Every structure is written in structure tokens, then in C-alpha cells.
Amino acid sequence: MATEDRISFRGRLQSVDLSDSETRDGILFALPYLALFSVFLLYPLVKGFYMSLFDWNAFAPSQSEFILFENYTRMLSDPVFWTSVRATVVFVVLTVPTLVVLGLALALGVNRDVKGKRVLRTVFFSPYVLTVSVVSLIWAELYAPQYGAVNYYVGFLVQNPPSWLNSFTWAMPAIALATIWWTVGFNFVILLAARQSVPERLYEAAKIDGASSWRAFKDITLPQMRSAIVFVTTVQFIWSFQVFGQAYIMTNGGPGESTQTLVMYLFRMAFNEGQFGYAAAVGYFLFFVLVAVSLGNYYFVSGGDTT
């Protein structure tokens, strides 16, 4: 089968007529993208791996010492690195399932015949247009121990509300809550569009057959929205593993190192410590984690369906 595919590909490649005007125009239109892809994606990818094999000297690259995989072995034996991995995984666990399920729930709710659907769409999506710095500063004020709105209302339930961003227990959940409020609008819009693309005749046929609402959701809604759910889940995994701005602005990685994420650790190694080769190795670790998680998520959520 693989041999047949290679023969077929070679046949198609040989059949490309470069003298054809449409073929030439297609190649010319693709060249700007290929140039940008090579300069801003492919070259940094290769250069980053090259740097990870050196004790990189940013001011005199030619004097960098080749150390092969020592940066990787050092990384895997560094307890601070694993603390950052743990903080990142905790953030991912707190945010990704919540963002996907909440986005789906909001999409299904707004899709129903409810009053003010346009207003609800605007309300749910509007936080997403804010920048990470604005969101982080807003929520830092909301979490303020003495005058923050969160502790004001929590004070009606408990006598001594926690200092959210200064607590080893609550700092990461507090950052996760702010992130959920900020980014759930993206999932909401994607999943709402997917739900609206499902033919209503399927639900009408299911109703005639006596299917319950749960059965229609399980057998019609979820399968029809599978591609959108796979997409938002994969995107949320990638974004959550790369979290940086919220933790950097709201807690600066504290208290201690409890909210120092992997990207923040990479940033500090590169720009605070000047260890660019080691930071590149951390970056490549994150890259391979994201590739593995994305592939695993695709096969898990889609059930291995490649159609």
C-alpha cells in the first residue's frame, strides 16, 4: 500500500506542468507564505534545536561551546524544572476540561430559543477581545485581600477569606479561574457555529422516533460536533501548556515557585540567567510534549477516526 502511494505521488509530481499558467500562478501565490513560514517558523525551529546543543553565548555565538545533550540531561535532573512542569500540568487540568465543557454548555444554551440571544453572544465573547495584561490586572484587583470584590462576597460565607494570589493552595486555581473567564468565549463561538451547522431534520427524525433529549445529544449533537470539539480541545491544550502572561503578571511565579509555569521558567533561564542553550532545550521539551498531547488528544477525542 505504501509503495502504491509513493508511485501515485511520484506520478502526480511528474504530471505537474510548470509551463501551465495556472501552475505557475499557484506557485507564485504560495511563495510569500513559504518565505514567511521559512523565516519565522522553520528557521527558528532548526536554530532552536541547534542552540540547545551548545552552551550558547548570545553575545559571541562563535565562541559557544558544543556540549551535545548536556542541557537536556541537566534539565531532566533539575528540581525547579519539574516544579514548573507540575505547575503547568495543574493549570492544564484546571482549565482545559472546564473550558471545553463550559464552552459547549454555553453554545448549546444560546442555540435554544431564548430571549436576548444576540446580547448573550456578545457578553460571552467580549472578554476574549481583551489582552492578557488587562485581564490579569483586573483579576489581580478582584483578588486583592483587603478590598477585592472576590473576598468581599466570600466574606459572607467564611470568616477569613484566603489571600488568593499569595496562597500556595489557591494561587493557581485563582489564575485558572481568570483564564477561564477570559478565553471561554473562543470555544463558545466555535462550538456555537458547529451546533448551528447540524441539520435540524436529524432532531426532528429523532423526536418522531421517540428519542429523549439526552439520546439526541449523545447520538446526534456530539457526533456531528466532533470535529469542532477535537479542534477546541487541541487548541486549549496547546494554549494552556504555553501559559505565561497571567502567572507572570498576577503572581510572578509565586508564592515560592508554585505558579512558575514551564514557559516562565524558560523565560527566566533565557533572559534573566542568560542561559539561552538551556532555555532552548526546555523549549524543545515543551514542543515535543505539545506534539504528543495534540496527537493523543486527536485519537482519544476523535476515536481514531481520520475522516
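**Ser 52**

I looked up Ser 52 first and found it buried, at 0% relative accessibility. I note here that the model is predicted. Ser 52 belongs to helix H2, which covers residues 21-52. I then listed what Ser 52 touches, leaving out neighbours within four places in sequence: Leu 68, Asn 71, Tyr 72, Gly 277, Ala 280 and Ala 281.

**Leu 68**

Leu 68 is one of the contacts of Ser 52, and I followed it up. I placed Leu 68 in the loop between strand E2 (65-66) and helix H3 (70-76). Its phi is positive, about 55°, although Leu 68 is not a glycine. I read 40% relative accessibility for Leu 68, so I entered it as partly exposed.

**Other backbone entries**

I checked Asn 252 next. Asn 252 is not a glycine either, and I noted a positive phi of about 55° for it. I found Asn 252 in the loop between H12 and H13. With a relative accessible area of 43%, Asn 252 went down as partly exposed.

Pro 255 is also in the loop between helix H12 (245-250) and H13. I looked at the peptide bond that joins Gly 254 and Pro 255 and recorded it as cis, with omega about -5°.

I went on to helix H13, residues 262-272, and wrote down its buried residues: Leu 262, Val 263, Met 264, Tyr 265, Arg 268, Met 269 and Ala 270. Just after H13 I came to Gly 274, where phi is positive at about 70°.

**Aromatic rings**

I took the count of aromatic pairs in the structure, which is 32. From these I looked at Tyr 284 and Phe 288, whose ring centres are 5.8 Å apart with 50° between the planes, a tilted pair. Why are Tyr 284 and Phe 288 separated by about one helical turn? The two residues are 4 apart in helix H14 (residues 276-302), which means about one turn between them. I also noted that Tyr 284 is buried, because its relative accessibility is 11%.

Phe 288 pairs with Phe 287 as well. I entered that pair as edge-to-face, with 5.3 Å centre to centre and 65° between the planes. Phe 287 is partly exposed, and I read a relative accessible area of 33% for it.

I then asked which residues form one aromatic cluster with Tyr 278. I listed Phe 81, Trp 82, Tyr 265 and Phe 285 along with Tyr 278. Tyr 265 had already come up among the buried residues of H13. I also checked for a charge at Tyr 278 and found Arg 74 over the face of the ring, at 3.9 Å from the ring centre.

**Helices H5 and H8**

I compared the axes of helix H5 (residues 117-125) and helix H8 (residues 171-196). They come within 8 Å and cross at roughly 140°. Angles over 145 degrees count as roughly antiparallel, so I logged H5 as oblique to H8. On the H5 side, I listed Arg 121, Phe 124 and Phe 125 as making the contact. On the H8 side, I listed Gly 185, Phe 186, Phe 188, Val 189, Leu 192 and Gln 196. By class, I have 6 nonpolar, 2 polar and 1 charged residues in this contact of H5 with H8.

**Two threonines**

I stayed in helix H8 for Thr 183. Is Thr 183 buried or exposed? I read 8% relative accessibility, so Thr 183 counts as buried. Not counting residues up to four places away in sequence, Thr 183 touches Leu 99, Tyr 128 and Gln 236. I also looked up the C-alpha separation between Thr 183 and Ser 126, and it is 9.6 Å, with the two residues 57 apart along the chain.

My last entry is Thr 221, which I found in helix H10 (residues 213-224). Thr 221 is buried, at 4% relative accessibility. With residues up to four places away in sequence left out, I listed Leu 108, Arg 195, Tyr 203 and Ala 216 as the residues touched by Thr 221.

Technical notes. Residues numbered from 1 in each chain as written. Predicted model: local features only at pLDDT ≥ 70, side-chain atom pairs only at ≥ 80, totals over all residues. Heavy atoms only, no water. Axes fitted to C-alpha atoms, helices over the stretch in contact; angles between N-to-C directions. Parallel < 35°, antiparallel > 145°, perpendicular 65-115°, else oblique. Contact = heavy atoms within 4.5 Å. Nonpolar A, V, L, I, M, F, W, Y, C, P; charged D, E, K, R; others polar. Phe/Tyr/Trp six-rings, centres within 6.5 Å; stacked < 30°, edge-to-face > 60°. Buried < 20%, exposed > 50% of the residue type's maximum accessible area, 1.4 Å probe, protein only. Lys NZ or Arg CZ within 6 Å of the ring centre and 35° of its normal.
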